[in-house]
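Grab a pencil and work through a few short exercises on the model shown here. Each one sets a task and then walks through a solution.

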Amino acid sequence: MSAKKIALVAHDACKDEMVAWAGKHLSRLRHMSVVATGTTGGRIAEAYPEISVTRLKSGPLGGDQQIGAMIAEEALDGLVFFVDPMSPMPHDVDVKALTRLAIVYDLPMACSPSTADAVLDYLASDAER
Ligand SMILES: O=C(CO)COP(=O)(O)O
């Protein structure tokens, strides 16, 4: 069974939360294939060099769309997307498109730390099956 592939994305107000979440799950994430939007990926790589992160473009510059394309190609096993619920985004259409594709393809997706814990547990149990 090949390593599970997970995408990590966080809006600016949620990036500290994403770094903390990734730290909590370091032992699992270091054995997974991790892709991330540009700035989120930079923060994770800086904090945890042991996680191998493929960084895509920054979200507003097309990174969300790149991850959406990976979902359409069925190249991902899960998505953790910490969406800022309090701020308007210039690339709101991309955010919507990304979450919509995750639903279309029934990709396990989490938008908060507790649901992200659940998605990671699901991926781990799926890998053991
Ligand atoms: O904007 C984002 C998701 O919509 C995240 O992009 P960055 O990780 O580049 O900040």
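**Exercise 1. Sort the residues of the shell around the ligand by class, then find what supplies them.**

Keep in mind that this is a predicted model.

Step 1: By class, the shell has nine polar, three nonpolar and one charged residues.

Step 2: In total, 13 residues surround the ligand, and the closest are Thr37, Thr39, Thr40, Ser58 and Gly59.

Step 3: Now look for the helices. Helix H3 (38-47) and helix H4 each supply at least two residues of that shell. H3 gives the most, with three residues.

**Exercise 2. Check whether the span of helix H5 fits its number of residues, and work out how its buried residues are arranged.**

Step 1: H5 runs over residues 92-104, which makes 13 residues. At 1.5 Å a residue, counting one less than the number of residues, the expected span is 18 Å. The end C-alpha atoms are 18 Å apart, so the two values agree.

Step 2: Pick out the buried residues, taking 20 or more other C-beta atoms within 10 Å as the cut-off. In H5 these are Asp94, Leu98, Leu101 and Ala102.

Step 3: They cover an arc of only 105° around the axis, so they sit on the same side of H5.

Step 4: Flip to the face turned away from that buried side. It carries the exposed residues Asp92, Val93, Lys96, Arg100, Ile103 and Val104.

Step 5: What do the buried residues of H5 pack against? Their partners are helix H4 (63-72), strand E4 (78-82) and strand E5 (109-110).

Step 6: Follow the chain past the helix. H5 is followed by Asp106, which has a positive phi, near 50°.

**Exercise 3. Trace the strand pairings that involve E1 and E2, and say whether E1 is largely enclosed or not.**

Step 1: Start with strand E1 (residues 5-10) and strand E2 (residues 33-36), which pair in the parallel sense over four bridges. Lys5 stands opposite Ser33 in E2, and Leu8 has Ala36 of E2 as its bridge partner.

Step 2: Go on from E2 to strand E3 (residues 53-55): this pair is parallel too, over three bridges. Here Val35 stands opposite Thr54 in E3.

Step 3: Return to E1 and look for E4. These two pair in the parallel sense over five bridges, with Val9 opposite Phe81 in E4.

Step 4: Five of the six residues of E1 are buried, so E1 is largely enclosed by the rest of the structure.

Technical notes: Residues numbered from 1 in each chain as written. Predicted model: local features only at pLDDT ≥ 70, side-chain atom pairs only at ≥ 80, totals over all residues. Buried ≥ 20, exposed ≤ 12 C-beta atoms within 10 Å, placed from the backbone. Arc of directions from axis to C-beta. Contact = placed C-beta atoms within 7 Å. Near = placed C-beta within 6 Å. Nonpolar A, V, L, I, M, F, W, Y, C, P; charged D, E, K, R; others polar. Pairing = 2+ DSSP bridges.
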